[in-house]
Amino acid sequence: VINQSPEYGPAYYSLALLMGEENRIEEALQYFERASEQMPNNPQVFYNWAIALQQMAQPTKSEQAYLKAIDLAPDNMRYRYGLSTLYVQQQQYQKAMEQADILQQQLPSDPRVQKLLKLLERELN
């Protein structure tokens, strides 16, 4: 499909996801990037790309992709939770807390959010 229709973003995205499933994350990155160029308004592309970048220890690029996903879909709490996780991994606890506060407002009884908040409170105190 990519050879026949090089501007068809879903083909790049599907290939990136397939490579991710096969644990070929490094190879998947180029296809996520191409999918993001072809589908710049699809937050799920940026979210999955952020996860792949996070797995490949590219935190700056991962943060940018998470932020783009959040910008496109601010009400999707999975994106904020992913970004919070990235910040915790990078020991950027204050940034993680900013996202966790938003998560708590939207999902006050979610056990994952409560666990995240407890972890952040310990780290910040």
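This passage walks through the predicted model, from its overall build to a helix pair, the nonpolar core and a small group of buried residues.

The protein is built from 7 helices and 0 strands, and reading along the sequence gives the pattern α-α-α-α-α-α-α. Its C-alpha trace spans about 55 × 25 × 20 Å along the principal axes. Of the 125 residues in the protein, 41% are buried. Sequence separation was also examined: among contacts between residues at least 6 apart in sequence, 41% join residues at least 24 apart.

A good place to begin a closer look is the pairing of helix α5 (residues 77-89) with helix α7 (residues 111-124). The axes of these two helices come within 12 Å and cross at roughly 25°. Because angles under 35 degrees count as roughly parallel, α5 is described as roughly parallel to α7. The crossing of α5 and α7 is left-handed. On the α5 side, the contact is made by Tyr-81, Ser-84 and Val-88, while α7 contributes Arg-112, Leu-116, Leu-119 and Leu-120. By residue type, the contact of α5 with α7 comprises 5 nonpolar residues, 1 polar and 1 charged.

Leu-120 turns up again in the interior of the protein. The largest nonpolar core holds 38 residues, and Phe-32, Trp-49 and Leu-120 are the members that touch the most others. The elements giving two or more residues to this core are α1 (9-21), α2 (25-38), α3 (43-55), α4 (59-72), α5, α6 (93-106) and α7. The most generous contributor is α3, with 7 residues. For Trp-49, the contacts beyond neighbours within four places in sequence are with Leu-29, Phe-32, Glu-33, Ser-36 and Ala-65. Phe-32 is thus both a contact of Trp-49 and, with Trp-49, one of the residues touching the most other core members.

Following the contact from Trp-49 to Ser-36 leads into helix α2, where Ser-36 lies. This serine has a relative accessible area of 8%, so Ser-36 is buried. Apart from residues up to four places away in sequence, Ser-36 touches Val-45, Phe-46 and Trp-49.

Val-45, in turn, has its place in helix α3. Its relative accessible area is 0%, and Val-45 is therefore buried. With neighbours within four places in sequence left aside, Val-45 is in contact with Tyr-13, Phe-32, Ala-35, Ser-36 and Met-39. For a sense of distance across the model, Val-45 and Leu-107 are 62 residues apart in sequence and 24 Å apart in space, C-alpha to C-alpha.

The contact between Val-45 and Met-39 brings the description to the loop between α2 and α3, where Met-39 is found. Although placed in a loop, Met-39 is buried, because its relative accessible area of 15% falls under the 20% cut-off. Its contacts, again leaving aside neighbours within four places in sequence, are with Gly-9, Pro-10, Tyr-13, Val-45 and Phe-46. Met-39 and Tyr-13 are 26 residues apart in sequence, yet their C-alpha atoms are 9.1 Å apart in space. Tyr-13 also appears among the contacts of Val-45, and Phe-46 among those of Ser-36.

Note on methods
Residues numbered from 1 in each chain as written. Predicted model: local features only at pLDDT ≥ 70, side-chain atom pairs only at ≥ 80, totals over all residues. Heavy atoms only, no water. Axes fitted to C-alpha atoms, helices over the stretch in contact; angles between N-to-C directions. Helix = DSSP H or I, 4+ residues; strand = E, 2+ residues; numbered from the N terminus. Parallel < 35°, antiparallel > 145°, perpendicular 65-115°, else oblique. Left-handed = near helix turned anticlockwise from the far one by under 90°. Contact = heavy atoms within 4.5 Å. Nonpolar A, V, L, I, M, F, W, Y, C, P; charged D, E, K, R; others polar. Core = buried A, V, L, I, M, F, W, Y, C linked by side-chain atoms within 4.5 Å. Buried < 20%, exposed > 50% of the residue type's maximum accessible area, 1.4 Å probe, protein only.
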